[in-house]
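Trainee: I've just opened this one and don't know where to look. Could you walk me through it?

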Amino acid sequence: MLVHSRKARWALWAVFLVLFLPLFALPLLVVLGASFATHWSGVLPSGPTTANYHAATRGEALQALTTSLVTAVTASLLALTVGTWAALAGAALKKRYRRLLDAVFVLPVAVPSVVVGLSVLVAFSQPPLLLNGTRWIVISAHTVLVTAFAHQSVSAALARLDPAYEQAAASLGARPAYVLLRVRLPLLLPSLTAAAGLCFALSMGELSATMMLYPPDWTPLPVLIYAATDRGALFTGSAVAVVLMAATLLVLFAVSRIRTRASYR
Amino acid sequence: MAEALAEPRTARGGARPRGGGRKPAAAPRSPGALLWALPPVALLALFFLYPLALVVRQSLHPDTGGTSLQPYSDLFASEAFRHALWTTVWLAPAATAGCLVLGFLLSLIIAFVPFPGAKAVARFIDVYLSFPSFLITLALLFIYGTTGIVGSFQFLTTPWGVLLAEVTYFTPFVMRPLLAAFAQLDTAQLEAASSLGARAPRIVRQVILPEALPALAAGGSLVLVLCLNEFGIVLFTGAKGVTTLPMLVYGKAILESDYPGACAVAVVNVLISTGLYGLYRVVSRRAGA
Amino acid sequence: MGIRFDSVTVAYDGNVVLDALDLTVEPGEVMALLGPSGSGKTTALRAVAGFVRPASGRVLLGGEDVTDLPPYRRGIGMVVQSYALFPHLRVDENVAFGLKARRTPRNEVRQRVAEALELTGMAGYARRHPRELSGGQQQRVAIARALAIRPRVLLLDEPLSALDARLRSGMLAELARLHRELPDVSMLYVTHDQVEALTLADRIAVMDKARLQACGTPRELYRSPDNAFTASFVGGANLLPVTVGAGGVDFLGTELKVDTAEAVAGARATLCVRPHLVGLGEGPNRITGTVAEIQWRGATHRLYVETGGHRVMADVRELKEPPLHGEPVTLHFASEDAVLLPAGVSHG
């Protein structure tokens, strides 16, 4: 323990609460409170109602939720496949090539998402690959953005994997493909599910690239939230935002359940 | 977001077989290894590198035709661009500095002056990272907006509102690697220091801070890049007064349909961000080694 | 199937970690590679398994050159210090792993898994996961897994160092029993523990500084080591710098009678005497000095006696009245208990 005096400890905890609550807990509480209100002109929201959720769970909003879920699941699975493949291929490369591969795959993090959106828009509004106006342009951009994260986390997990396991498998006569399927991938499973959850959450909340790309019939939740707040419907927007958070958390929770099972097997 | 990147590098290479006292030599590489790396690289090239190259090309081809640096000279001549560049360039470091100070302080309390529920707070931070950034601005709209708690104060439409939102959203990105680094810090070191008579501030300065530097460097540079690229927070303020480079790209491309102009801004933005991100990779590798 | 190292050299980044090793393990023999850490012993084992590629030289298994074969085509059983049991597989699945990788028919897999678990006394744990087992049990599973593929060569890399002292001696007896039950399997046993090597091995190869220092039966190495490193590493020894005279040697002006048949008069040499063969009190070959340190070790006392800048160790039966610090004492040893070694850099 760093601080021994009881008084100093309480003082520090008070500082923590004063900083932590308003900065981090309050915004979430405000959005949650607003989603159940019609007015907010005092300290507390007023006009309690569930009408916002009525609007946020059907019609346009329901469609947006489906759109977001489909986009996020597709993009995560694609990103996980490509990222894992790249990480596995990279692990077998010489150091020089591996560095290069890592650098290329991490680049989408450094490039602003808006620019990724713009570039995908520019590239796929013209032949040979005409994706503009389809859902695939949104999914491609999301995949590009989250692949970097999938690759990073799988690479890190691979670097931590004790080579003794694959060597034991090889000494028992298992060929590289068999080692991959029966030893390395199962051992990576916890990290893979963690990466999948990360990719899913990122894609669910993606706004920057999506704003540049979304066709009218493929509007994900963040865009809908922006549209609502832009036209002044802040309370409906909050309800949709709560739906977005809840959907994300629900999927993350399910994924983490799989992860616990995988690591305790 | 970005938890993979925030992972402390010190955690790497933990469990390796002992014996021989040396890192085992890599198994013989198969010559097909490069071939196996080809499919994912090809996909990334098609969906990321090729589009990026097209952006660079388009930035050099104004609507009037031909190849020229016209879009760039127009850009640097325009007041709006210089303003956006300046806003981006001061806002990001300021937000990063705020995140570092706040994140270090809060992590320190969670890790070393633990209170009941400190674990739950750490979990909350993980959850917090999985929410999109614009939620913060949405909340601030209620607190500081025209109809909100604090009232008609036009705080959110100033850069200070954006700064507050960015510090709020990105501080957990600093705390996560810091908490991981603190968890690895040997408590015996702290006990030794305090048994030698060092007081808390001295221990923080001489024992904890040096250990936390790699994590601070890594988290800080990541936040810097993410702030440079942040779009959602700025978009949701609806402020005309605060324009950053990503906002300008969006505005030019979608609102004005000026693609060469948007591409030129994008190129400038990419150069700044990748430059800083490259620096971050070098620094964190150094610090982790 | 025997193992042969034919001038095997391994280098990492230009650092030679195994220098031109020549060594043959006969079929059915247990060979211990004994040495301190960094001596190259693990590297030698990994070269046999195929995890390090020699910079030069060949590795032969049963007369076949396997230097260029990948690990999975060598048919070797291997047990490492960390066991490396697959945590996601049950005990029986772990043991079946090698058989399934070879597409062994299912009936045979079941039968051989049962056999291997029976042999290692783990038959009752087939449905458990590795994390539910103790260290010693995990070790047995690792051995069962290596034996299930019926290897003709078993590589053991410090297999007991993760176990506590009591379990270790039990496992040592188990390994000796396994060796008796599987007389055709050659074993290469890497260890830094001389007790393990002396107990288990048919022959010991002593390694130091990337080189093979000596190779022989435990008895040979213990009774008549050929160099100072071997003498001190195998069993511990007093290594005294002496000058060879006629029918004896001179140690700091004291005449000691030992067999000098193979030494040249006037040459410098090292005299090796095991501490437990040094007695306290008057006798032949006397060395006098003062007690620098005395340790009570239960059944024995270990004396460190200072004489002319050298420390001579003596292990004697527990003393009723042990000498005090700084007290002058006399030590002695029998001529036939001393071995004269060529002078070298003393490692002791």
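Mentor: Sure, let's begin with a helix. Helix α10 (residues 221–230) of chain A is mostly covered, with eight of its 10 residues buried. One thing to keep in mind throughout: this is a predicted model.

Trainee: Which residues of α10(A) are buried?

Mentor: They are A:Leu221, A:Pro222, A:Val223, A:Leu224, A:Ile225, A:Tyr226, A:Ala228 and A:Thr229. Now look just after α10(A), where A:Gly232 takes a positive phi of about 95 degrees.

Trainee: With a prediction, I'd like to know about confidence. Where in chain A is it lowest, and where is it highest?

Mentor: Begin with the average: chain A has a pLDDT of 86, and 97% of the residues score at least 70. Within chain A, the lowest confidence is in helix α2 (residues 51–56), with a mean of 75. Helix α7 (residues 163–171) of chain A has the highest, at 92.

Trainee: Let's move to chain C. What does the domain assignment give for it?

Mentor: A domain assignment divides chain C into domain 1 (3–223) and domain 2 (237–342). The centres of domain 1 of chain C and domain 2 of chain C, taken over C-alpha atoms, are 39 Å apart.

Trainee: How do I read a sheet? In what order do the strands of the open sheet of five strands in chain C come?

Mentor: Go across the sheet, strand by strand. The order is β13-β12-β11-β14-β20 (chain C), and the pairing is antiparallel. At the edges are β13 (254–256) and β20 (338–342) of chain C, each pairing on one side only. On average, neighbouring strands of this sheet are turned by 40 degrees against each other, direction ignored.

Trainee: And if I zoom in on one pair there?

Mentor: Try strand β11 (residues 238–244) and strand β12 (residues 249–251) of chain C, which pair in the antiparallel sense over two bridges. There, C:Val244 stands opposite C:Val249 in β12(C).

Trainee: What leads into β11 of chain C?

Mentor: A loop between α8 (228–233) and β11 of chain C, and C:Gly236 lies in it. C:Gly236 is a good example of how sequence and space can tell separate stories: C:Gly236 and C:Arg274 are 38 residues apart in sequence, yet 6.6 Å apart in space, C-alpha to C-alpha. Not counting residues up to four places away in sequence, C:Gly236 touches C:Ala231, C:Arg274 and C:Pro275.

Trainee: How many bridges join strand β1 (residues 3–12) of chain C to strand β2 (residues 15–25) of chain C?

Mentor: Seven, and the two strands run antiparallel. To follow the register, note that C:Arg4 has C:Thr24 in β2(C) as its bridge partner. The hairpin of β1(C) and β2(C) has two residues between the strands, and in it C:Asp13 takes a positive phi near 50 degrees. β1(C) also pairs with strand β4 (residues 56–61) of chain C, in the antiparallel sense over five bridges. In that pairing, C:Ile3 has C:Leu61 in β4(C) as its bridge partner.

Trainee: Why do you point out a positive phi?

Mentor: Because most residues other than glycine have a negative phi. C:Ala20, in strand β2 of chain C, has a positive phi near 45 degrees. C:Ala84 has one near 50 degrees, and is found in the loop between β6 (77–80) and α2 (91–101) of chain C.

Trainee: Is C:Ala84 buried or exposed?

Mentor: C:Ala84 counts as buried because its relative accessibility is 3%, under the 20% cut-off. C:Ala20, at 37%, counts as partly exposed.

Trainee: Last topic, the core. Which residues touch the most other members of the largest nonpolar core?

Mentor: B:Ile208 and C:Leu155, in a core of 270 residues. Helix α9 (residues 200–229) of chain B gives the most to this core, with 15 residues. Among the residues that B:Ile208 touches are A:Leu2, B:Leu108, B:Phe112 and B:Phe182. Apart from this core lies another, of 22 residues, including C:Val242, C:Leu256, C:Val273 and C:Val291.

Trainee: What about a charged residue, such as B:Glu166?

Mentor: B:Glu166 lies in helix α7 (residues 159–184) of chain B, and is buried, with a relative accessible area of 2%. Leaving aside neighbours within four places in sequence, B:Glu166 is in contact with residues including B:Leu91, B:Ala95, B:Cys99 and B:Glu230.

Methods. Residues numbered from 1 in each chain as written. Chains lettered and ligands numbered in written order. Predicted model: local features only at pLDDT ≥ 70, side-chain atom pairs only at ≥ 80, totals over all residues. Heavy atoms only, no water. Domains from an automatic or database assignment. Pairing = 2+ DSSP bridges. Helix = DSSP H or I, 4+ residues; strand = E, 2+ residues; numbered from the N terminus. Axes fitted to C-alpha atoms, helices over the stretch in contact; angles between N-to-C directions. Core = buried A, V, L, I, M, F, W, Y, C linked by side-chain atoms within 4.5 Å. Buried < 20%, exposed > 50% of the residue type's maximum accessible area, 1.4 Å probe, protein only. Contact = heavy atoms within 4.5 Å. pLDDT = per-residue confidence, 0-100.
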